[in-house]
Amino acid sequence: MISLETKLPGLDLKNPIMPASGCFGFGREFSELYDLNKLGAVVIKAATLNPRYGNQTPRVAETAAGMLNSIGLQNPGVETICSEELPFLSQFKTPVIANVAGSTIEEYVAVAKRLDESGLIQALELNISCPNVKEGGVQFGKDPVLAAEVTAQVKETVALPVYVKLSPNTADIVQMAKAVEAGGADGLSMINTLTGMQIDLSSKKPLLANQTGGLSGPAIKPVAIRMVYEVRQHSGLPIIGMGGISAAEDVLEFLIAGASAVAVGTANIHDPFACVNIIDRLPQLLEKYGFQNVEEAIGGGNRNEANVSRS
Amino acid sequence: MMQTELIVLANEKIADQTIEMQLGLNSDNLGTEVQKFVPGQFLHVKVGEADTTMLRRPISIADVDGNGNITIIFKISGRGTDMLSKQTAGSRIDALLPCGTGYPVDNLNLDTALLIGGGIGVPPLYYLGKTLAARGTRIISILGFQKADHVFYKEKFAELGESIIVTDDGSYGEKGFVTDCLKEMDIDFDCFFSCGPTPMLQAVTNKLTGRHGYISVEQRMGCGIGACYACVVPAKSGTGFKKICKDGPVFAANEVSL
């Protein structure tokens, strides 16, 4: 019997699969399609201090092997999330990770504090990497000093484990990982979307009203795998890997590269059953490639690389 | 809502770049579910794999028959709809259905309904008109197309009641826009129902301000089930947005700002 269980700070996961923030709302719609108890965890849509209405439409566009989005962190605000959305999710035996966004360090801290006090979530994910809002945290995701500072201040305020979601839109992902590790992060989520743009030839204008958006989907998987692999060499923090996962094979790649769990994002848009299909298929795939359990697969590729480099 | 495979029963070009597709269920026991589909709801259709066409295509339901078969009509406007148009009889299509909130037909008791459709917004109005006509409502239709070879379903709407066709260039029916008919005609109706491009909906709702009516709004969609917040429209109350895929695509005419 292949075990899918995996442990992360604050999270005992029955399997390593969770829907990524922003692609799953607050779970209600997907709960009409399948039992959310099947998931390893749920990562809810970003919470900000006040309600946000997001960017102008169109907010989504199709690209080769992917999708651009510029939703703009639309959400009803942390208070409504705590009072109306989290109680719904708490009926399931599935850990909930809350994605936290803000414009200032004070806002991150206030949102994190409110979520921590709710008692309805098991971990926080600091979103310092959304590319779609001018003051939505991306400046924190590009500046290691700010990233460390926001991490440290949130950690001082909350008891929950804090994962920091890193942006790929940086010259040195390892430097960012080390910075938030120094700030006290318990883990990393990586990666967020890559900033992109697509032009509509008939109108000669960008397809998105916001002009640029975040590129996701299979197109970004090699970038994500490379970044997880690099960071794993230089940081001891556990990693929740994401970026273009749409099949169990993709999950195994992320595990071998060094992720301890994964989040499935855009694939849910294409196929709302993507997460459960992957969970069903994963044991067979682990067995096929000689792994007895998920824990054994984590970082398997790194160990081989280390052996080669020492010889 | 469910995810299921539909079987293509027939695929016919009925106007320029316009395909009528008959879809059957892969299970007999879903037939009663299809009978419950509300006019204005849509199918969210997967047209390829994630590495070619990531986004599903929302396509309105043009008709449902007594056997539980579904008719959709779509325009070939890009790669996805082109791929869909090439599906032949016997092909299987992955669809989420029924999606969205349709016209509130069960709560309406109307003597006369005015249907105002434009282009590929015409199909859902057929299922609506057929449903209302079966309940004894008088149907008046104003349907706008770009030009003669874009016109479809003129006979089917004529069977429902009075039907006026307009084309932008006058190559078929009256020349002009659907709103020109509203200006020229003194139409008595209880409720209007409109579906079409946003500029047309804006013109219609401006023209019929204060009248009881419903509009069906188009927008590029993501998940189609209300989770991703890609397709939203501002609420007219000024507080927040409505999700087109879940709260709509049908809204009361005074509910949203176009």
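This is a guided tour of a predicted model, moving from the contact between two chains to selected helices, a strand and a loop of chain A.

**Stop 1: where chain B meets chain A**

Begin by showing chains A and B together and selecting the residues of each that lie in contact with the other, which gives 32 residues of chain B against 32 residues of chain A. The area buried between chain B and chain A comes to about 2,700 Å², and carbon and sulfur atoms give 60% of that area. On the side of chain B, select Met54(B), Arg220(B) and Tyr229(B), the residues that lose the most area to chain A and that together account for 27% of what that side buries.

Now turn to the polar side of this interface, where 16 residue pairs are in polar contact between chain B and chain A, both residues being at pLDDT 80 or more. Sorted by class, the side of chain B that touches chain A consists of 14 nonpolar, nine polar and nine charged residues. The count of salt bridges between the two chains is four. To look at a salt bridge that joins the chains, select Lys243(B) and Glu29(A), whose side chains meet with an N to O distance of 3.4 Å. Then select Glu62(A), Arg57(B) and Arg79(B), which are linked in a network of salt bridges.

**Stop 2: Thr266(A), a loop residue in contact with Met54(B)**

Keep Met54(B) on display and add Thr266(A), which sits in the loop between strand 16 (261-264) and helix 9 (267-270) of chain A. Is Thr266(A) buried or exposed? Its relative accessibility is 7%, so Thr266(A) counts as buried, the cut-off for that class being under 20%. Leaving aside neighbours within four places in sequence, the residues in contact with Thr266(A) are Cys23(A), Met67(A), Ser216(A) and Gly217(A) from chain A, together with Met54(B) from chain B.

**Stop 3: Ala98(A) in strand 7**

Next select strand 7 of chain A, residues 96-100, and pick out Ala98(A) within that strand. Ala98(A) has a relative accessibility of 0% and therefore counts as buried. Apart from neighbours within four places in sequence, Ala98(A) is in contact with Ile44(A), Leu115(A), Ile121(A), Ala123(A), Leu124(A) and Glu125(A). If you also draw a distance from Ala98(A) to Phe26(A), you will find the C-alpha atoms 9.8 Å apart in space, although the two residues are 72 apart in sequence.

**Stop 4: helix 3 of chain A**

Leu115(A), among the contacts of Ala98(A), leads on to helix 3 of chain A, where Leu115(A) is one of the buried residues. The others in that buried set are Ile105(A), Glu107(A), Tyr108(A), Val109(A), Val111(A), Ala112(A) and Ser118(A). Select residues 105-118 to see the whole helix: at 1.5 Å a residue its 14 residues should span 20 Å, and the end C-alpha atoms are 20 Å apart, so the two values agree.

Within this helix, display the side chains of Glu117(A) and Lys113(A), which meet in a salt bridge of 3.0 Å, N to O. Because these residues are four apart in helix 3, Glu117(A) and Lys113(A) are separated by about one helical turn. Glu117(A), at 51% relative accessibility, counts as exposed, while Lys113(A), at 39%, counts as partly exposed. Just after the helix, select Gly119(A), which takes a positive phi of about 70 degrees.

**Stop 5: helix 8 of chain A and its link to helix 10**

Finish with helix 8 of chain A, residues 248-257, which is mostly covered, with seven of its ten residues buried. Those buried residues are Ala248(A), Asp250(A), Val251(A), Leu252(A), Phe254(A), Leu255(A) and Ala257(A). Following the helix is Gly258(A), whose phi is positive, near 130 degrees.

Now add Arg281(A) and Glu249(A), which form a salt bridge whose closest N and O atoms are 2.5 Å apart. This pair links distant parts of the chain, since Arg281(A) lies in helix 10 (residues 274-288) and Glu249(A) in helix 8, 32 residues apart. Arg281(A) counts as partly exposed at 28% relative accessibility, and Glu249(A) is likewise partly exposed, with a relative accessible area of 32%.

Key:
Residues numbered from 1 in each chain as written. Chains lettered and ligands numbered in written order. Heavy atoms only, no water. Helix = DSSP H or I, 4+ residues; strand = E, 2+ residues; numbered from the N terminus. Expected span 1.5 Å × (residues − 1). Buried < 20%, exposed > 50% of the residue type's maximum accessible area, 1.4 Å probe, protein only. Contact = heavy atoms within 4.5 Å. Buried area = accessible area lost by both parts, 1.4 Å probe. Polar contact = N/O pair within 3.5 Å; in protein donor to acceptor, adjacent residues only side chain to side chain. Nonpolar A, V, L, I, M, F, W, Y, C, P; charged D, E, K, R; others polar.
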